[in-house]
Amino acid sequence: MPVMATPDAGLTMGLTFPRLLLRHAAERRDRPALREKDLGIWQTYSWGQSADEIRALAGGLASLGYQRGDALAIIGENRPRLYWAITTAQALGGIPVPLYQDAVAQEMVFVFQNADIAYAIVEDQEQVDKLLEILPQCPKLKHIIYDDPRGLRGYGNAGLLSFDELQRRGREFNVAQPDYFQQEVDKGRASDIAALFYTSGTTGSPAYVGLTRRDQYVWQEPGARCLYANGVRPGDLVGADPGEAHLARRRVDVALALARRHPGEELVCPLGPGVELGPRAVRHVEIADHQIEIGIGLQDRPRRAPGCRDLHEK
């Protein structure tokens with residue numbers, strides 16, 4: 001097994017997730033970073049593309065007034081754009097707050113009020129409708145950005161904006177202020193809150209916890225070691241189960257751990273309901289108290305890795 005740096009070593013160097021992103025974009029710009037199946041076809045996004053998308057999104061949020069310390073609600077199934085939103089908030093010194101995509105509108109009220117959320121990036125019309133329903137109870141919510149425009153053509157609500165339009169504005173912002181994004185990334189510290197997580201709140205007011213970049217970095221170290229011990233190697237696919245909020249901190253940590261520790265293990269596949277990995281077999285590995293789906297290419301790995309089993313096996 002390769003020698004791995006300790007978490008303290010990376011933190012001493014000021015390593016943060018946005019800095020990791022930019023490093024990967026520089027060192028392996030054309031290598032795959034994210035893959036999503038759309039209409040039966042795998043869509044691949046490289047590290048360079050991801051960095052460019054995040055930079056445009058950051059400029060767009062900045063043009064709306066988003067600044068260091070602001071919370072950003074993120075609601076929807078696993079989608080590349082929602083992953084990009086998490087890193088964008090961190091790049092600008094903000095705090096991503098993933099919510100359960102299947103929560104009813106009233107279950108979201110506490111989170112929006114408690115975190116003083118003024119900005120939200122959501123997947124589709126379903127999530128937009130929920131936020132519009134709770135607007136009277138959450139007056140601080142001023143901007144709702146949606147990814148999928150289907151069903152939203154007739155909506156004329158103030159503060160409602162498409163993801164594409166936000167990025168268009170962001171590119172204009174970045175032309176006018178070309179150094180802004182890098183300057184904000186450079187301000188990041190290990191003690192910054194990297195994400196804020198809430199329980200579902202179905203049996204009462206949600207419990208919540210904020211994790212710093214240091215906290216998440218420390219989570220990555222055992223995650224990377226466990227994955228490597230279970231046979232994960234360059235070229236393997238790590239599949240994220242549906243939902244951004246449920247154990248999101250661990251899924252994101254593992255993805256980043258793979259990318260950081262072993263440069264080839266940088267393909268993260270957000271999986272929606274019913275999505276299959278096609279020619280690659282989905283394997284299942286238990287790590288500590290959470291579970292991760294791993295797609296392993298059988299042509300590259302004829303021998304089963306220790307601790308792995310096929311999902312269909314009992």
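Leaving aside neighbours within four places in sequence, which residues is Gln127 in contact with? In this predicted model, the contacts of Gln127 are with Ile75, Gln101, Met108 and Val122.

## Gln127 in helix H6

Gln127 belongs to helix H6, which covers residues 125–134. The relative accessible area of Gln127 is 2%, so this residue counts as buried under the 20% cut-off. One of its contact residues, Gln101, also provides a polar partner: the side chain of Gln127 reaches the backbone oxygen of Gln101 at 2.9 Å.

## Helix H3

Helix H3 comprises 18 residues, 47–64. From first C-alpha to last, H3 reaches 26 Å, close to the 26 Å expected at 1.5 Å a residue. Of the 18 residues of H3, 13 are buried, and the helix is therefore largely enclosed by the rest of the structure.

Just after H3 comes Gly65, whose phi is positive, at about 105°.

## Asn174 in helix H7 and its contacts

Asn174 lies in helix H7, residues 163–176. With a relative accessible area of 15%, Asn174 is buried, because this value is under 20%.

Where does the side chain of Asn174 reach a backbone oxygen? The partner atom is the backbone oxygen of Arg55, at 3.0 Å. Not counting residues up to four places away in sequence, Asn174 touches Arg55, Ala56 and Gly59. These residues fall within the range of H3, residues 47–64. An α-helix has 3.6 residues a turn, so residues three or four places apart point the same way.

Note on methods. Residues are numbered from 1 along each chain as its sequence is written. This is a predicted model: local features need pLDDT of at least 70, side-chain atom pairs count only at pLDDT 80 or more; totals for chains, interfaces and linings use all residues. Side-chain values use heavy atoms; hydrogens and water are left out. Helices (H or I, at least four residues) and strands (E, at least two) are DSSP runs, numbered from the N terminus. The expected span of a helix is 1.5 Å times one less than its number of residues. Buried means under 20% relative accessible area, exposed over 50%, partly exposed in between (1.4 Å probe, protein chains only). A polar contact is a pair of N or O atoms within 3.5 Å; within protein, one must be able to donate a hydrogen and the other to accept it, and residues adjacent in sequence count only if both atoms are side-chain atoms. Contact means heavy atoms within 4.5 Å.
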